[in-house]
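Reader: I'd like a close look at one part of this model, end to end and with the numbers attached. After that, please carry on into the rest, so that I can see what surrounds it.

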Amino acid sequence: MTVLLKTTPQTVHWGYFDANLEPAVTVKSGDTVTIECVSGPADILPAPPFTVLPEHREIHVACKPHIGRHILTGPVYVEGAERGDALQVDVLDIKFRTDWGWNVQRPLMGTLPEDFPSYRLTHIPIAANRNVCTMPWGTEIPLKPFFGIMGVAPPPEWGQCSSIEPRAFGGNIDNKELGVGSTIYLPVFAPGALFSTGDGHGVQGDGEVNLTALETCLTGTFRFTVRKDMKLNNPRGETRTHWITHGFDVDLDDAAKEALRDMIRLIRGKTGLSAEDAYMLCSLAADLHVTQTVDGNKGIHCMIEKGLIGG
């Protein structure tokens, strides 16, 4: 079964995750949901000739940001998901909804706030038919869309959590590897998992250094599968060629340790290697990437080719 979840004032939550949110839709394990999303507050909307979605303006009128800054569509309640399970989310398709994206630089934010203290908003044209965006000086960049935020509800005892910092439940991971054809595995902390997504990105470099990527409005199609056989500490990713583990911390060194420890766990689970041998394999064949340096909890992701550990 495929369900369409439209983005409306009734189906979004702005800036936070919460285990007490009412589901926007309920599906069974194995079902597919197409989810519409919008991105950005009213002050980033462009003037003509760019086209602004009517529902984007409706959300600004009817809803207000709470804690964080991202407009998220959901949550999706997946029947059978219980605390301690994992939710497998296959990213089947992503489509652009608008002909523009935006990038913003804000005072006291980003990787170099001391060097760039001023506010700067840039609207960037998107030509989805040619799969490029055009920078103000004319350079065309190939598009590689993905959702910066894919996450489930946090543990109920955590209360409401901001959409800004990525955590064990996922959220604002900003991993550009998680586009069409990828899978993200999320630890479940609340009944139904309560998956939400948003923060559409047209393209992003590792680091997302000036605060945002090419932020834009996307529609994604996802297949949800409850995994009783998988126990996770943090989100994991899978592409056609690689396994991916994640670490989040205010300190990049500690984020790297977290991602590496989970990669060692992943390798051991798939191969039966000792911890020492898995650690050695990581030193020879795994790659640590800086996911982002701008979201409070910084991100590191560790990648290893699937063929090295049995697919």
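**One helix and its surroundings**

Author: Let's begin just past the end of the part you asked for: helix H2 is followed by glycine 272, whose phi is positive, near 80 degrees. This is a predicted model, in which local features need pLDDT of at least 70 and side-chain atom pairs count only at pLDDT 80 or more, while totals for chains, interfaces and linings use all residues. Residues are numbered from 1 along each chain as its sequence is written, and side-chain values use heavy atoms, with hydrogens and water left out.

H2 itself covers residues 252-271, which makes 20 residues. (Helices, H or I with at least four residues, and strands, E with at least two, are DSSP runs numbered from the N terminus.) From first C-alpha to last, H2 reaches 28 Å, close to the 28 Å expected at 1.5 Å a residue; the expected span is 1.5 Å times one less than the number of residues. At its N-terminal end the cap is aspartate 251, with a side-chain oxygen 2.7 Å from the backbone nitrogen of aspartate 253. (A polar contact is a pair of N or O atoms within 3.5 Å; within protein, one must be able to donate a hydrogen and the other to accept it, and residues adjacent in sequence count only if both atoms are side-chain atoms.)

Which residues of H2 are buried? They are Ala255, Ala256, Ala259, Asp262, Met263, Ile264, Leu266 and Ile267. Here buried means under 20% relative accessible area, exposed over 50% and partly exposed in between, with a 1.4 Å probe and protein chains only. An α-helix has 3.6 residues a turn, so residues three or four places apart point the same way. The cover over the buried residues of H2 includes H3 and four strands: E18 (236-238), E19 (242-249), E20 (287-292) and E21 (298-305). Contact means heavy atoms within 4.5 Å.

H3 spans residues 275-285 and holds aspartate 277. Aspartate 277 counts as partly exposed because its relative accessibility is 35%. Its C-alpha is 9.0 Å from that of isoleucine 264, a residue 13 places away along the chain, and isoleucine 264 is among the buried residues of H2.

Another aspartate to look at is aspartate 90, in strand E7 (residues 86-96). With a relative accessible area of 7%, aspartate 90 is buried. Its side chain makes a polar contact of 2.6 Å with the side chain of threonine 183. Beyond neighbours within four places in sequence, aspartate 90 also touches Ser182, Thr221, Phe222 and Arg223, among others.

Now for the pockets. (On a 1 Å grid over the protein atoms alone, a pocket is an open set of points where a 1.4 Å probe fits, with protein on both sides within 12 Å along at least five of seven lines; lining residues have an atom within 4 Å of a point.) The largest pocket has a volume of about 370 Å³, the space filled by probe spheres set on grid points that are joined across faces, edges and corners. Its lining has 18 residues, with Asn103, Met135, Asn210, Thr212 and Ala213 nearest the centre. Strand E9 (residues 120-127) gives the largest share, three residues.

The second largest pocket holds about 220 Å³. Its 19 lining residues include Arg69, His70, Trp102, Thr212 and Glu215, which lie nearest its centre. Strands E8 (100-105) and E16 (193-201) each supply at least two residues of this lining. Strand E16 also holds aspartate 199, a residue other than glycine with a positive phi, near 60 degrees. Aspartate 199 counts as buried because its relative accessibility is 5%.

Between E8 and E9 runs a loop that contains glycine 110. Glycine 110 counts as buried at 19% relative accessibility. Leaving aside neighbours within four places in sequence, its contacts are Val209, Asn210, Leu211 and Val294. From glycine 110 to glutamate 215 the C-alpha distance is 15 Å, across 105 residues of sequence.

Finally, check two backbone spots. A cis peptide bond joins proline 48 and proline 49, with omega about 15 degrees, and proline 49 lies in the loop between strand E5 (32-36) and helix H1 (54-62). Another cis bond, with omega about 5 degrees, links glycine 74 to proline 75, and proline 75 belongs to strand E6 (residues 71-78).
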